[in-house]
Amino acid sequence: MEIIIQPTPEAATTIAARVLARLIREKPAATLGLATGGTMGPLYRELVALKLDWSRLTTFNLDEYVGISPQHPQSYHHFMWENLFRHVNVSITNVNIPDGLAKDVPAACESYERKISSAGGIDLQLLGIGTHGHIGFNEPTSSLASRTRIKTLTPQTLRDNARFFASESEVPHHVITMGIGTILESRHCVLLAFGKKKARAIAEAAEGPITAMHPASALQLHSKVTVVLDEAAASELKMQDYYRWVYEQKPDWQKI
Ligand code: PGA
């Protein structure tokens with residue numbers, strides 16, 4: 001796991017945008033795994049400003065709420081169109097987001113997995129992290145081998161996400177999310193976290209035991225993970241000085 005610590009969320013976002021931009025330039029028909037949430041908005045703004053060619057890219061989003069329509073202002077469909085897709089030349093037929101209104105949820109989840117496989121797997125998966133360590137909506141106790149499926153949100157996530165809704169009671173209780181097993185099959189995971197409220201989750205993900213109680217800790221099993229943090233999110237890492245030193249010592253050919 002490579003841990004990159006930057007002074008501010010803005011500087012960390014720029015690093016993540018460069019990682020994505022490099023892939024998009026080197027592999028114009030790449031498959032991207034995309035995420036939503038407060039952390040991703042500024043990243044998408046930077047990507048849009050880079051005016052990259054999205055015409056041959058395929059995208060798969062991590063998750064969606066069950067029971068709300070794509071037009072709902074808090075749906076992840078809506079988030080993606082407002083924050084990214086309507087500003088770039090992506091082909092609508094190459095955009096994949098779980099269907100929160102699917103009548104047959106298990107069949108829709110299986111079909112989502114098949115589509116990822118048919119696209120050749122995900123080249124780069126963007127990830128945020130929940131305050132209790134979720135990636136996607138894989139809440140604590142999610143199987144580390146899980147695939148795309150329905151999940152029930154924890155009270156912690158309902159509280160965390162209430163800020164996007166008029167009240168906590170409006171946050172849907174169910175979601176469709178790629179599984180931890182699905183995420184671990186992507187070729188590169190790029191996780192972003194900013195702010196003190198993410199510091200404990202990051203320390204447990206990078207330096208704690210691998211456990212279903214902290215789903216992001218499963219990333220320790222992946223051979224290519226880049227974690228991009230601001231100072232506050234890095235503040236509980238025991239090895240933070242080492243990570244800074246490693247980043248400063250990088251040979252030129254490895255620099256981002
Ligand atoms: P946030 O969400 O970017 O809004 O903090 C991250 C997550 O829950 O994965």
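In this predicted model, the ligand is surrounded by ten named positions, namely G37, G38, T39, G128, I129, G130, H134, R163, F164 and K198. The ligand sits in the largest pocket, and the residues of the shell around the ligand divide into two nonpolar, six polar and two charged. Beyond the ligand site, the strands include an open sheet of seven with parallel pairing, as well as strands that pair in the antiparallel sense, such as β4 with β8.

**Polar contacts of the ligand**

- T39, which belongs to the residues surrounding the ligand, places a polar side-chain atom 2.4 Å from an oxygen atom of the ligand.
- For R163, the corresponding distance between a polar side-chain atom and an oxygen atom of the ligand is 2.8 Å.
- In the side chain of K198, an N or O atom is found 2.6 Å from an oxygen atom of the ligand.
- Of the 280 Å² of accessible area that the ligand has on its own, the protein covers 87%.

**The parallel sheet**

- Reading across the open sheet, the seven strands follow the order β1-β10-β9-β6-β2-β3-β5, and the pairing is parallel.
- The edges of this sheet are formed by β1, which spans residues 2-6, and β5, which spans residues 95-96, and each of these strands pairs on one side only.
- Within the sheet, strand β6 (residues 124-127) runs parallel to strand β9 (residues 189-193), and three bridges join the two.
- One residue pair across these strands is L126 with V190, the latter being its bridge partner in β9.

**The antiparallel pairings**

- Strand β8, which covers residues 174-177, pairs with strand β4, which covers residues 63-65, in the antiparallel sense and over three bridges.
- Between these strands, E64 has I176 in β8 as its bridge partner.
- Strand β8 is also joined to strand β7 (residues 149-152), here by four bridges, and the two strands run antiparallel.
- On the β7 side of β8, K151 stands opposite V175.

Key: Residues are numbered from 1 along each chain as its sequence is written. This is a predicted model: local features need pLDDT of at least 70, side-chain atom pairs count only at pLDDT 80 or more; totals for chains, interfaces and linings use all residues. Side-chain values use heavy atoms; hydrogens and water are left out. A residue is near a molecule or strand if one of its heavy atoms lies within 4 Å of it. A polar contact is a pair of N or O atoms within 3.5 Å; within protein, one must be able to donate a hydrogen and the other to accept it, and residues adjacent in sequence count only if both atoms are side-chain atoms. Accessible areas come from the Shrake-Rupley method with a 1.4 Å probe; for residues, only the protein chains shown count as cover. On a 1 Å grid over the protein atoms alone, a cavity is a set of points where a 1.4 Å probe fits but cannot get out, and a pocket is an open set with protein on both sides within 12 Å along at least five of seven lines; lining residues have an atom within 4 Å of a point. A molecule sits in a cavity or pocket if more than half of its atoms lie within 2 Å of its grid points. Ala, Val, Leu, Ile, Met, Phe, Trp, Tyr, Cys and Pro count as nonpolar, Asp, Glu, Lys and Arg as charged, and the others, Gly among them, as polar. Two strands pair if DSSP finds at least two bridges between them.
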